[in-house]
Amino acid sequence: MRAIEIAEPGGPEVLEWREAPDPRVERGEVLIEVAASAVNRADVLQRQGFYEPPPGAPPYPGLEVSGVVAEVGADVEQFRPGDEVCALLAGGGYAERVAVPWQQVMPVPDGVPLREAAGLPEVACTVWSNVFMIGRLRKGETLLVHGGASGIGTFAVQLAKALGSRVVTTVGTAAKAERVRELGADEVINYREEDFADKVRADVILDIMGAKYLAGNVRALRTGGRLVVIGLQGGRKAELDLGALLAKRAAVHATALRSRPVDEKGAIVRSVVDNVWPLVSAGAVRPVVHAEVPMADAAEAHRMLDSGEHVGKILLVR
Ligand SMILES: NC(=O)c1ccc[n+]([C@@H]2O[C@H](COP(=O)([O-])OP(=O)(O)OC[C@H]3O[C@@H](n4cnc5c(N)ncnc54)[C@H](OP(=O)(O)O)[C@@H]3O)[C@@H](O)[C@H]2O)c1
């Protein structure tokens, strides 16, 4: 098969479309003929040499794919050759074929084109597990989503609205503000013009900035609030005012999806299929696709992500 190899750590130009060994299907795995993958910020960190794939994962980047099941390993009863699926990966999605534990494979939600489904596994599993399973966001509560126009943000805004929450989100431009309002955000804060911590009180905060926003996030939490940090774009170390947390009986969580064991990913995937896929099939939550780029031109897709002008997901299609 062919796959995108990282020739050496560096800029987008180090991504090269090359011959690569075909993956072997082990017991409990599903071999997927890839229709599309999608770009995640973690892929950029991996390209730059800052994010090693977990042990056992393929060396090629790519945390999600959609495609058709080509083969199943021993003990796999849940999927059959020919099934249209999408999957959460520990790596290896920028390739023509990938083998993945069956627990991380999902049917394509009804009504979603096969290629577009490649942009769903990371955002759906990340948002559902952090905002709803860990953050326990309930109907009527307020969610603050930082970076509402990101791949993660566009999904979080729609899902929280579909489940009856009030959604406030931060963005950096007027054009992105317009887009997230169209997705259903009740209030949009341009973080270049205003301090969100002066404006919003939230029950749950989904944070991608880490250190830079920690004090503001704690200030913006309501009593009993839950801050869930999933990104460190603003650094990893900051002072935490435990007194403020204590007074609000609030909690701070920080999680990463990629390094979780297969069983934990499987539990999230099953919960997503049960709780999120019906909303996607009903059209209440839609994949937001910024661009479709041929997989061989992954470097171009990374330049797009690096430019920061995208809204939603950038797909790599075959
Ligand atoms: N822990 C996990 O399991 C997990 C899983 C998936 C993703 N993530 C993380 O989630 C984040 C989003 O991922 P993605 O793939 O969706 O990335 P993405 O589409 O590239 O989005 C990055 C976003 O960051 C926003 N941003 C930059 N500076 C900001 C600031 N000061 N305040 C608010 N927003 C700001 C940008 O918005 P503007 O252009 O409007 O500034 C942009 O929309 C990344 O940090 C990623 O690492 C974590």
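1. Glutamate 96 sits in the loop that runs between β5 (84-88) and β6 (97-101). The model is a predicted one, and the points below should be read as describing that prediction. Glutamate 96 has a relative accessible area of 8% and is buried, since the cut-off for a buried residue is under 20%.

2. The surroundings of glutamate 96 come next. Leaving aside residues up to four places away in sequence, glutamate 96 touches Met1, Arg2, Trp17, Ile32, Glu33, Val34 and Arg318. With Arg2 there is also a polar contact: the glutamate 96 side chain comes to 2.8 Å from the backbone nitrogen of arginine 2.

3. Serine 165 is another buried loop residue, with a relative accessible area of 4%. Its loop lies between α3 and β9 (166-171). A polar atom of the serine 165 side chain is 3.4 Å from the backbone oxygen of arginine 138. Not counting residues up to four places away in sequence, serine 165 touches Arg138 together with Leu137, Gly140, Glu141, Ala160 and Asp186.

4. Which helix packs against α2 at an angle of about 55°? Helix α3 (residues 151-162) does so against helix α2 (residues 121-134), and the two axes are 9 Å apart. The range for roughly perpendicular runs from 65 to 115 degrees and roughly parallel means under 35, so α2 and α3 are oblique to each other. The crossing of α2 past α3 is right-handed.

5. On the α2 side, the contact with α3 is made by Glu122, Val123, Ala124, Thr126, Val127, Trp128 and Phe132. On the α3 side, the residues are Gly151, Ile152, Phe155, Ala156, Leu159 and Ala160. By class, ten residues of this contact are nonpolar, two are polar and one is charged.

6. Helix α2 also meets helix α8 (residues 262-275), where the axes come within 9 Å and cross at roughly 90°. That angle falls in the range from 65 to 115 degrees, and α2 and α8 are therefore roughly perpendicular to each other.

7. How many charged residues does the contact of α2 with α8 have? There are no charged residues in this contact, which has seven nonpolar and three polar ones. From α2 come Ala124, Cys125, Trp128, Ser129 and Met133, and from α8 come Ile268, Val269, Ser271, Val272 and Asn275. Ala124 and Trp128 of α2 are listed for α8 and also for α3.

8. Helix α6 (residues 211-220) is mostly covered, with seven of its ten residues buried. The buried residues in α6 are Ala211, Tyr213, Leu214, Gly216, Asn217, Val218 and Ala220. Their cover includes the strands β8 (142-146), β11 (202-207) and β12 (221-229), along with the helices α5 (196-199) and α7 (242-248).

9. Two loop residues other than glycine have a positive phi. For aspartate 75, phi is near 70°. Aspartate 75 is placed in the loop between β4 (64-72) and β5. Is aspartate 75 buried or exposed? With a relative accessibility of 52%, aspartate 75 counts as exposed, because the cut-off for exposed is over 50%.

10. The other is arginine 136, with a phi near 50°. Arginine 136 belongs to the loop between α2 and β8. Its relative accessible area of 44% makes arginine 136 partly exposed.

Definitions and conventions
Residues are numbered from 1 along each chain as its sequence is written. This is a predicted model: local features need pLDDT of at least 70, side-chain atom pairs count only at pLDDT 80 or more; totals for chains, interfaces and linings use all residues. Side-chain values use heavy atoms; hydrogens and water are left out. Axes are lines fitted to C-alpha atoms, for helices over the stretch in contact, and angles run from 0 to 180 degrees between N-to-C directions. Helices (H or I, at least four residues) and strands (E, at least two) are DSSP runs, numbered from the N terminus. Angles under 35 degrees count as roughly parallel, over 145 as roughly antiparallel, 65 to 115 as roughly perpendicular and the rest as oblique. A crossing is left-handed if the near helix is turned anticlockwise from the far one by less than a right angle, and right-handed if clockwise. Contact means heavy atoms within 4.5 Å. Ala, Val, Leu, Ile, Met, Phe, Trp, Tyr, Cys and Pro count as nonpolar, Asp, Glu, Lys and Arg as charged, and the others, Gly among them, as polar. Buried means under 20% relative accessible area, exposed over 50%, partly exposed in between (1.4 Å probe, protein chains only). A polar contact is a pair of N or O atoms within 3.5 Å; within protein, one must be able to donate a hydrogen and the other to accept it, and residues adjacent in sequence count only if both atoms are side-chain atoms.
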